[in-house]
Structure formats: structure tokens, C-alpha cells
Amino acid sequence: LNEKLQGVFRKLRGEVKLTEENIKEAIKQVRIALLEADVNYKVVKKFIDNVQSKAIGEIVLKSLTPDQVFIKLVHDELVSILGSHTSKINLKPNPPTVIMLVGLQGSGKTTTAGKLAKYFQKDGRSTLLVADDIYRPAAIDQLIVLGNQLKTDVFYDKESKNATEIAVRGVDQAKKSAKDIVIIDTAGRLHIDEDLMKELKSIKNAVNPDEILFVADAMIGQDAVNVAKQFNEAIGITGVIFTKLDGDARGGAALSIMEVTGVPIKFVGIGEKLDAFELFHPDRMASRILGMGDVVTLVEMAQEAIDAEEAKEMATKVGKTGLDFNDLLQQFRMIKKMGSLESIMKLIPGLSAMPDLNVDDKQFKRIEAIIYSMTPEERKKAHIINGSRKKRIAKGSGTTVNDVNKLIMQLEQMNKMLKKFKNKFGGTNKFDRKM
Ligand code: GDP
Ligand code: MG
């Protein structure tokens, strides 16, 4: 079925738009991919409905199928959701910045405390680790070992039975020794319980942390969502650190956690070692969750190829007959699509020499309006646009005769430049040679 369909779509060459009908199969695939990646089913539904309604009507590039285009849209939407918040740690102007790590037992809090300390050390900042998991002596020792390894101070008191008091003393100590950052490693439980939440709340109220980071084990999948939700409701979290992404978890819980808590993912743990730690990258996570990286790359390549093809066609035409307003319109569109003037300058010879081509959205709309108010003949032959035509065009586009004049002059200037360029390079262009 798919091959046949692909053939049909290819024949239509870019005339296809995404419809509910022609992305049915893709939606099914995406749904399965997300569920397999441990995204909560409610989140999946909401997410897909949302992308679907945005996607309908989008044009399908030739050489691609609607399915492929849809999957790329899904990917982009994932990236934008995952990366829609700033994800750096908020450092206080007057130190110490207080970071509190919370999460279930075994999620990776203590390891992450060490990783964070190392991360900040690389940035030239001093850290103090506070051993606030006071119930297990081994937990305190674990942090002391990390501290030794990192040559960073660890505050602990094996006699104390009061986690809140330890946290307060730890922060005081950091102030006294002028540390930039205090990282409080708290206790966890295998399951959420009242006592734990009470203790964490009490610590929070006592030291007023700048960040409360929820450490989530990617391996526990969907359950992470409920846990995150409960921690967030009980104490309020400011960010998430996702650990054990070096395993084979697809990480879909990341999407659910963000959706459910509205809190950004700040870092990911990718191994047991202290440097197996990095800032969260929305695009990598999106590819991992969707597991359809090949399609995404394919679509990106096709998009580039289309842009290149258009640019080449234009370059050839321009070389022969010069630019008219239709070309100008198309060029501005390409500039918009490719995101920057620079990327298109590489493709069209002579364009780099062009003055005033940097159009912002408002300018572009005005230029578009002016060109649309021209007759087809005027668009092709700028020289026939006399005074009364200019007035008509200005009126039709809601601009002034001055605006119309400026645009006509710009076109003339470009054509002059192109002529110069052509003479200099004997008609062949950079682009042809590059191919
Ligand atoms: P805590 O109970 O929350 O303090 O968790 P720990 O920091 O003691 O970590 C529990 C286990 O998970 C330890 O064996 C860690 O080495 C391991 N761990 C933590 N982070 C990662 C990670 O990103 N990748 C892998 N593979 N293991 C990790
Ligand atoms: Mg621990």
C-alpha cells in the first residue's frame, strides 16, 4: 500500500496537502512510537490532536509522502514543547545559590549532586555538598567519597537526627566559607510517603532553595509522571533532572513530566561517572522519544534539496533574462523560508553583493502587497510602470508612491549588480560548479 501511495503522491509533485485522510497511517505510527516511549496515553492523545490540527493543510514537498512530512512536524512540535522553557540553573547574584535535590530512593540524587558540583566547578564556581539523607550512614559516606573525589567540601553530621537542622547549618557553612553554590542531597523513599514530604517541606521552608530539582530515573517510565506530579504538588519543583538515559529507556516520560508539571528539564544523566552529565537537549530527546530519526533527517534533506533546486532554477533564469518582480517575490519567500539571508546568498550568485535585502516580516508583507497589486505584465516588465500605474499600485497595496518607487529602484539595482556579476564570471555561476 505504502509504495503505491508514494507513487501517487510523487506524481502530484508538491500539490498535495496534509489531510486527516492522508496522515491516518502516520498518526497511528506516531501514536505507537510515543506509547512505546512511555509517554502517558492522555498526553499522547492531547499532543497528537494538537499537532494534527496544526498540520492539516500543510503542503507536501515533492519527493516526500504526507506521512513523512507529518512525522517531521511531530518532531518539531516535540522539540518546541521540550525546549519551551529556559533550562539553565538560576544562579543568584548574591551567593550562595541553594539547590535542593529531591526524588525517590535510587533515582540518582546523590550521584547527581556530585555531577552538579563538577559541572559548576568547570565553570569556576565553588560548591558545598550537604549530606541531608541522614537515615542511612552509607548515604552520607557516599557523598563524602564524591566530595573527596571532586575536592569539594561536604557538610555532614552523623549524630544529627534532624534533616532540617542539617540543611540550615549546611547553608550557613556555605555562607561562612563564601561558596557559590550549595547542593543539598536529601533522602528518598522507595515510594512516596507523608513523612518524606513533610521533611522536604520543612527543609524547603527553612532554607528557601533557589532551585528544587526533581531527580527522575528514566528507567521507571510512566510511573515517573505520577511521582513528579506528587512531588510538585507537595513541595513545588523548579526543574527536572533525568537520569540513566544511557540505558535503553526512550525517555517519553520526559514529555509527560513536562506536560503534567509544566516544569523544564534541566539536565540529563548519561552514566554512573561524574562527567556523564549534560544540559538537556530538546532535539536529541525528541528524536529519542519518537525513534524516527531517519524520517526526520530525510525530510530535512528533502527540504534543503528543494530550496537548492529553486535557487538553482532562479539562478539560471536570472542569468538569462534578469530579475522581474515575480522573481523578487519568490526570492523573499525563499529568504523567509530558509531563515536567513546568508543561507540563501550561498546559493544564488551575485546576491551577496545585493544591498538592502535584509527584509523583516513587516517589510516583506509590504513588498508582497505592492507586487500583488501589480498586473502580471507589470510584474514582468517593470519599465512599463509609469506615474499613473504607480498611483494605482500604491493605492491597491495600501502603500505610497514613494514605496513603489523604492521597490522598483531596488529591482533595477539588483539587475545592475547581476549584470556586473555575470560579466565578471562569464555567465557560469558558483552554484552550477558546486553541484
Ligand atoms: P539516590 O538514592 O537517589 O541518591 O541515587 P544514587 O545517586 O545513589 O544512584 C543510584 C544508582 O544509580 C547508583 O548505582 C548510581 O551509580 C546509578 N546512577 C545514577 N545516575 C545514573 C546515570 O545517569 N546512569 C546510570 N547508568 N546510572 C546512574
Ligand atoms: Mg542518595
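**Helix packing, ligand shell and backbone features**

In this predicted model, E25, A26 and V30 of helix α2 meet P66, D67, F70, I71 and V74 of helix α4. The residues of this contact divide into 6 nonpolar, no polar and 2 charged. Helix α4 also comes within 8 Å, axis to axis, of helix α11, and a further pair, α7 and α8, has axes that come within 9 Å. Around ligand 1 there is a shell of 17 residues, with G108, K109, T110, T111 and G269 coming nearest.

**Helix α2 against helix α4**

- The axes of α2, which spans residues 24-36, and α4, which spans residues 66-82, come within 8 Å and cross at roughly 40 degrees. Because angles under 35 degrees count as roughly parallel, this crossing makes α2 oblique to α4.
- In passing α4, helix α2 forms a right-handed crossing.

**Helix α4 against helix α11**

- Helix α11 covers residues 282-290, and its axis crosses that of α4 at roughly 130 degrees, with the two axes coming within 8 Å; the angle therefore makes α4 oblique to α11.
- The crossing of α4 and α11 is right-handed, and the contact is made from the α4 side by V74, H75, L78, V79 and L82, and from the α11 side by P282, D283, M285, A286, I289 and L290.
- Sorted by class, the contact of α4 with α11 has 9 nonpolar, 1 polar and 1 charged residues.
- V74 of α4 appears in the contact with α2 and also in the contact with α11.

**Helix α7 against helix α8**

- Helix α7 (residues 163-176) and helix α8 (residues 194-207) have axes that come within 9 Å and cross at roughly 30 degrees, an angle which means that α7 is roughly parallel to α8.
- The crossing of α7 and α8 is right-handed, with A163, T164, A167, V168 and V171 of α7 meeting E199, S202, I203, A206 and V207 of α8.
- The residues of the contact of α7 with α8 divide into 7 nonpolar, 2 polar and 1 charged.

**Ligand 1 and the annotated span**

- By class, the shell around ligand 1 consists of 2 nonpolar, 11 polar and 4 charged residues.
- Helix α5, which runs over residues 109-122, gives the most to the shell around ligand 1, contributing 3 residues.
- An unreviewed UniProt entry lists residues 264-277 under "domain: SRP54-type proteins GTP-binding"; in the model, the end C-alpha atoms of this span lie 16 Å apart, and the span is 0% helix and 43% strand.
- G269, one of the residues that come nearest to ligand 1, falls within the listed residues 264-277.

**Backbone features in loops**

- Most residues other than glycine have a negative phi, and most peptide bonds are trans.
- The peptide bond from P95 to P96 is cis, with omega near 5 degrees, and P96 is found in the loop between α4 and β1, the strand at residues 97-102.
- D38 has a positive phi, near 75 degrees, in a residue other than glycine, and D38 has its place in the loop between α2 and α3, the helix at residues 41-55.

Key. Residues numbered from 1 in each chain as written. Chains lettered and ligands numbered in written order. Predicted model: local features only at pLDDT ≥ 70, side-chain atom pairs only at ≥ 80, totals over all residues. Axes fitted to C-alpha atoms, helices over the stretch in contact; angles between N-to-C directions. Helix = DSSP H or I, 4+ residues; strand = E, 2+ residues; numbered from the N terminus. Parallel < 35°, antiparallel > 145°, perpendicular 65-115°, else oblique. Left-handed = near helix turned anticlockwise from the far one by under 90°. Contact = placed C-beta atoms within 7 Å. Nonpolar A, V, L, I, M, F, W, Y, C, P; charged D, E, K, R; others polar. UniProt positions renumbered as here; feature names shortened; annotations may be inferred. Near = placed C-beta within 6 Å.
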